[in-house]
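Visitor: I am new to this structure and should like to understand the reasons behind its description. May I see it before we begin?

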Amino acid sequence: MPKSVEEICAELDVAARFHQPMRHLTSLRTGGEIACVAFPDTPEKAAALVARLEEHGLRWSPLGYGTNLLVADGPLDRVAISLRQLKTPVRFEGCQVKVPAGYSLPRLVNQCADRGLSGIEGLAPIPGSVGGAVKMNAGSHGYEIADVIVSVDVARERRIVTLPRETLDFAYRHSPFTERDLILGTTLQLRPGNPEASRAEIAEYRRHRAATQPVRDNSAGCIFKNPGPGLATGRIIDELGMKGETIGGATISPVHANFIVTNGSARAADVFALIERIRSRVREARGIELDMEVEVWE
Ligand SMILES: Cc1cc2nc3c(=O)[nH]c(=O)nc-3n(C[C@H](O)[C@H](O)[C@H](O)COP(=O)(O)OP(=O)(O)OC[C@H]3O[C@@H](n4cnc5c(N)ncnc54)[C@H](O)[C@@H]3O)c2cc1C
């Protein structure tokens, strides 16, 4: 007999909120109402939740901090699983750190710096969760999270498995994880460093960001991937004179052309329309097919 999400969450003792507006859960501030957001507080409950939802044919998606998401105007008939309330602590052992997926990436970078652990300073300005960073293979300033991963814990096919880095095929803004994988945590290998040097490096990256990106506006970071080595999508869009172009509540950022920023009343449809406009102008002018960097839920 099929069960409802309410029944499954109650059975597993998983906190859940129903009919949540995704515009409150994403940094782009667009998106319609999602059926449910569930907050398991242990990896075991998270894995059991995935198994139960799948058993009953209910659609689910992992939700990090929503900083790389473009969610359609909805309604969305699915369960977002947020790992923000996982109680698993961060564990430091020598130069390794084991960290739960719902943990804040900037917070982790700061903590590592304070402990004299170096190797992820460049990830400090990326505003997402650790799980989201692993899924997206987030990177900046020459750093990529995949470079320091030792292993990743994943709820997959009703079990929790630990996958060693050498079995995982990462590439630029790409990981091997599918929509059916819930990343529960990761172990990172850092190296001995100097807290002051790391803090200074992080401060420099943050200063650079504030000067070159619309960090105070609503955005999902870069909308498109760079099309190849030495080719920056932002520069291509800028050269086409598109900065400042607006559809509804969505605008190509005048600060960085690979960012779409939204005002409080933007609809996802405005963002989709602007994306299509950019893609077709870049295709016509440069013969380049732009790939999305942001993940789309529709
Ligand atoms: C101002 C700004 C600057 C940014 N700068 C950068 C940058 O320099 N470099 C960069 O790489 N990115 C950047 N981003 C994009 C974004 O912050 C990163 O992609 C980040 O890693 C996404 O993490 P998140 O927790 O917000 O993931 P979400 O946006 O919540 O999710 C992104 C995708 O990951 C999946 N996901 C999330 N958590 C999990 C999990 N536990 N298990 C499995 N899948 C999961 C989601 O289902 C979704 O498909 C920027 C964004 C903003 C707003």
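Guide: A word on records comes first: UniProt annotations may be inferred rather than shown by experiment. With that in mind, the UniProt record, an unreviewed entry, places the feature "domain: FAD-binding PCMH-type" at residues 30–193. The model itself is a predicted one.

Visitor: What makes up the chain over residues 30–193, and how far apart are the end C-alpha atoms?

Guide: Over residues 30–193 the chain is 18% helix and 36% strand, and the C-alpha atoms at the two ends lie 40 Å apart. In the protein chain there are seven helices and 18 strands.

Visitor: Why is the protein chain called as compact as a globular protein of that length?

Guide: The globule rule gives 19 Å for 298 residues, and the radius of gyration of the protein chain is 20 Å; the two values are close, so the chain is described as being as compact as a globular protein of that length. Along its principal axes, the C-alpha trace spans about 55 × 50 × 30 Å.

Visitor: What share of the residues of the protein chain count as buried?

Guide: Of the 298 residues, 51% count as buried. The term requires a relative accessible area under 20%.

Visitor: Is Thr 30 buried or exposed, and how do you know that?

Guide: Buried means under 20% relative accessible area. Thr 30 has 0%, and is therefore buried. This residue is found in the loop between β1 (15–21) and β2 (33–39). Leaving out residues up to four places away in sequence, Thr 30 touches several others, among them Met 22, Leu 70, Thr 262 and Val 271.

Visitor: Which residues does UniProt list for "active site"?

Guide: The unreviewed UniProt entry lists Arg 173, Cys 222 and Glu 293.

Visitor: Why are they said to gather at one spot?

Guide: They span 121 residues in sequence, yet no two of their C-alpha atoms are more than 11.1 Å apart, so they are said to gather at one spot.

Visitor: Why does Arg 173 count as buried?

Guide: The cut-off is again under 20% relative accessible area. Arg 173 has 16% relative accessibility, and therefore counts as buried. Arg 173 lies in the loop between β12 (159–164) and β13 (182–189).

Visitor: Which residues is Arg 173 in contact with, leaving aside its neighbours within four places in sequence?

Guide: The contacts of Arg 173 include Met 136, Glu 144, Lys 225 and Glu 293. Glu 293 is also one of the residues that UniProt lists for "active site".

Notes:
Residues are numbered from 1 along each chain as its sequence is written. This is a predicted model: local features need pLDDT of at least 70, side-chain atom pairs count only at pLDDT 80 or more; totals for chains, interfaces and linings use all residues. Side-chain values use heavy atoms; hydrogens and water are left out. Helices (H or I, at least four residues) and strands (E, at least two) are DSSP runs, numbered from the N terminus. The radius of gyration is taken over C-alpha atoms; the globule rule is 2.2 Å times the number of residues to the power 0.38. Buried means under 20% relative accessible area, exposed over 50%, partly exposed in between (1.4 Å probe, protein chains only). Contact means heavy atoms within 4.5 Å.
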